Each structure stands twice: as structure tokens, then as C-alpha cells.
Amino acid sequence: LETQLIALTGVPVDADLAEMREQLASAQSTCDAEIKALPLFSGTGEHLEQLTVPLTATVRAWQGRYAEQESVERQLTSDEETAIAELANLERDIQQLEHAGDVPAESDLDRSRSRRELGWAAVKHRWLQGERAPVEVDFMREASSGQPLDAAYEHAVLNADTLADRLRLDASQVEKKALLLEQVARSNERLAKTRQKTENAAVRRRELDVQWLSIWAACGIEPLSPTEMLDWLERRRDTVAKFRVAFSLKRQVDDLQDVVSVLHSALKHALEGFTDDTDRPLAELVEHARWVVNQAEANRTRTRDLDLEQKRLKSELAQAEQRSIELDQTTAAWRGDWACAIKGLPVPPEAKPDVVLDVVRLMDTIATDSEQINALAHRIHTMKKDDQEFSAAVIAMAARSGVSADSPDSLINIKRLN
């Protein structure tokens with residue numbers, strides 16, 4: 001049972017698994033929402049993860065190519081607009097010149113002279129050959145309706161001479177118009193070249209689009225612009241990361257569920273000898289198993305403590321017995337020493353120390369009193385000796401003085417001497 005509990009250490013119980021399932025459901029819901037919101041794609045998270053998409057560095061390189069292409073196209077558009085604006089300005093200047101008066105150009109004079117020469121050739125051929133020539137047909141095509149050849153030729157000669165005269169008279173205006181026409185020609189040439197470059201740029205744009213589409217063909221996605229696809233790749237990366245988190249969490253939940261099921265069955269089997277109700281949730285079984293283990297541990301602890309207490313008491317008993325033996329031996333030795341110590345005292349050998357102590361104290365008192373008696377006797381003896389010596393001295397003095405000293409009291413004899 002303890003082994004089962006150790007195996008269950010750190011393993012989520014029912015409430016923990018329920019919480020993990022809620023987390024899994026939330027993660028899967030978030031991931032599904034991200035996948036649905038991702039443009040250009042419809043499929044599962046596994047499909048999105050396995051897509052063979054271009055590298056971000058590759059898309060950035062294409063972003064640079066498209067940026068360069070767009071820069072060229074913007075420049076060409078600007079150049080075309082500039083050329084058209086220049087042509088409009090030139091046309092306006094020419095119209096202003098012509099509004100002030102029709103100013104012929106050298107080309108007008110050249111055309112007029114060519115028509116005059118063409119008319120002369122037609123007249124000459126009619127005059128010499130007497131028949132209508134093809135050149136006459138060409139000449140009369142620009143003549144007024146119903147106008148005869150001679151009148152048409154005369155008009156052509158007059159028109160050429162008039163233009164020549166006007167060119168001589170309006171030389172400055174003619175020169176200005178010629179310059180403007182030359183500028184118009186150059187502007188038209190630049191515009192034509194710009195439009196050709198624009199067509200070439202359009203071809204290059206179509207080639208770029210084809211190549212751009214081809215690098216996405218493997219994943220079956222029709223891409224937007226490189227800038228938009230960079231954002232798409234970032235969103236895909238985030239979505240795939242969330243899918244992996246959800247997938248990892250699902251695998252953890254499944255693995256833990258398998259582990260919990262195995263451990264649940266093992267714990268139920270281990271508890272069969274301790275309870276009849278084993279068809280309970282894992283948390284309740286774990287709690288009951290812990291109670292059983294704690295009770296068993298408490299019993300083991302109590303038994304161990306009792307064993308230790310029994311060993312301690314046995315040890316103390318052995319020590320007490322040994323001490324008793326030592327005390328008996330010490331007592332016997334002491335009794336021998338005691339008998340020797342009180343030998344000579346007026347007490348029996350089995351006398352207790354307090355009795356002996358009282359006798360010793362009494363003997364000490366007697367000894368002290370005896371010393372005092374001896375001191376007093378010595379003092380009395382000394383005093384008697386001194387009295388005898390004093391009395392002898394008094395008798396001797398009285399004898400020398402011729403006084404009778406027959407009294408035994410020395411004081412009386414001294415008074416007699418006085």
C-alpha cells in the first residue's frame with residue numbers, strides 16, 4: 001500500500017485531471033479559432049503544421065524584389081506623366097502661336113513645294129502627252145472638288161509662294177514654332193520609350209507573379225503580396241505554436257489518464273484487505289490509503305517506542321542489580337572498616353553511626369570537661385602553693401619583727417605586723 005502511494009506521488013488526481021482537461025479544451029478552442037481566422041488556409045492544425053511553406057528569409061527577399069519592381073513602375077509612371085505634361089504644355093504653346101496667326105513651319109513649305117512640283121509634273125505630262133497621267137491623279141486628290149488641273153496647279157503655286165513669303169516675314173515665330181515642334185518630337189520619343197519600358201516592366205511584373213506563385217505551389221496556397229505573406233507566416237508560426245502546446249497538453253492528459261487508471265486499479269487491489277468500498281474516486285481512495293498507512297506507521301512507531309522502553313527498563317534493571325551487588329560489597333567492606341573504626345569505643349560492633357556519633361560527642365564533652373577540671377585543679381594547686389609561700393614569707397617577716405605569727409591566717413598575721 002505504501003508502495004502504491006509512493007507511485008502516486010505527484011500524479012494528478014481526479015480534480016487535477018479535470019482542471020487539465022479544462023485547460024486542454026481552452027487551448028484547443030483557442031487554436032481552432034486561430035486556424036479559422038487564418039486567411040488563405042482551411043484545414044486542421046496537423047495540416048497547417050506540415051505545410052511546406054517558404055522560409056521567412058525567402059519571402060523577405062521576394063519582398064525586396066517586389067519593392068524594387070514597384071519602385072521602377074512608380075518611376076516609369078512618373079516619367080510618363082511628366083512626358084504627357086510636357087507635351088500638353090508644348091501643344092498649348094503651339095496653339096497660342098497659331099491663335100495669334102497661322103505660323104507656317106518649314107515642313108509646311110516643303111509639303112507645299114512638293115505639291116507644286118507634283119502639279120507641274122501633271123501639267124507637263126498633259127501638255128506633252130495630251131493624256132491624264134497617274135501623277136495627275138495623285139495631284140488632283142488634294143484639289144477642290146470640280147477644280148480643273150490648271151486651276152489646281154495655279155493654286156498650288158500660289159500657296160507655295162505665299163508660305164515662302166510668310167516664312168520670310170515671320171521668321172522669329174517660325175523659328176519658335178520649329179523649336180516647339182522639335183521639342184514635341186523629342187517628348188513623343190521619350191514618351192514612346194517610357195511606354196515601352198512600362199510594357200517591359202509589366203512583362204517583368206507578370207514574370208515575378210508567376211515565380212512568386214510557383215514558390216507557394218507546394219503548399220497549395222495562392223499568396224498575397226510578400227509583405228502580406230510575411231504577416232501570414234508570422235500568424236501561422238504563432239498558430240502552429242499554440243497547436244503544439246494544445247497537442248502536447250492532450251498527450252500529457254492522455255498519458256496521465258492511462259497512468260492514473262493503472263494506479264487506480266492497483267490501489268483498489270491494495271485496499272481490498274482494509275475496506276470493502278473500493279469503488280470510489282481516486283482522491284478518496286488515496287485519502288483512505290494515507291489514513292491506513294498513517295495508522296500503520298503510528299502502530300509501528302508505538303511498537304518501536306515500547307520496544308525501546310522495554311530495552312531501556314531491562315538495561316536499567318541490569319544496572320540496578322549490578323549496583324545492588326556493588327553496594328552490598330561496599331557495605332560489607334564498610335562494615336569491616338566500621339568495626340575497626342569503633343573498636344575500643346564503649347559501643348557494640350553492630351552500633352549504628354548515629355549512636356556511635358552520640359557516644360563520641362559525649363566522650364568529647366567528657367574530655368572537654370576533664371580538661372577544664374584538670375585546669376582548675378592545677379590552678380587551685382598553684383594558688384595553694386602561692387598561699388603557702390606567702391604565709392611562710394609573712395611568718396618569716398613576723399619572726400624578724402618579733403611579732404607573734406601563730407595564727408594560721410596570713411592576713412591576721414599581716415594586720416599584727418602593722
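1. K242 is a good place to start: with a relative accessibility of 34%, this residue is partly exposed (buried means under 20% relative accessible area, exposed over 50%, and partly exposed in between, using a 1.4 Å probe and protein chains only). Please keep in mind that this is a predicted model, where local features need pLDDT of at least 70, side-chain atom pairs count only at pLDDT 80 or more, and totals for chains, interfaces and linings use all residues. Residues are numbered from 1 along each chain as its sequence is written, and side-chain values use heavy atoms, leaving out hydrogens and water.

2. The partner of K242 is E34, and their side chains form a salt bridge at 3.0 Å, N to O (a side-chain nitrogen of Lys or Arg within 4 Å of a carboxyl oxygen of Asp or Glu). K242 sits in helix α9 (residues 226-270) and E34 in helix α2 (residues 14-37), so this pair ties together parts 208 residues apart in sequence. Helices here are DSSP runs (H or I, at least four residues), numbered from the N terminus. E34 is partly exposed too, at 27%.

3. Now to helix α10 (residues 282-341), where R312 and E316 are four residues apart, about one helical turn. Their side chains meet in a salt bridge of 2.3 Å, N to O. R312 is partly exposed at 35%, and E316 is partly exposed at 38%.

4. Helix α10 also holds E326 and R323, three residues apart. Their salt bridge has its closest N and O atoms 3.8 Å apart.

5. For the wider picture, the whole structure has 14 salt bridges. R116, E117 and D161 are linked in a network of them.

Methods: Helices (H or I, at least four residues) and strands (E, at least two) are DSSP runs, numbered from the N terminus.
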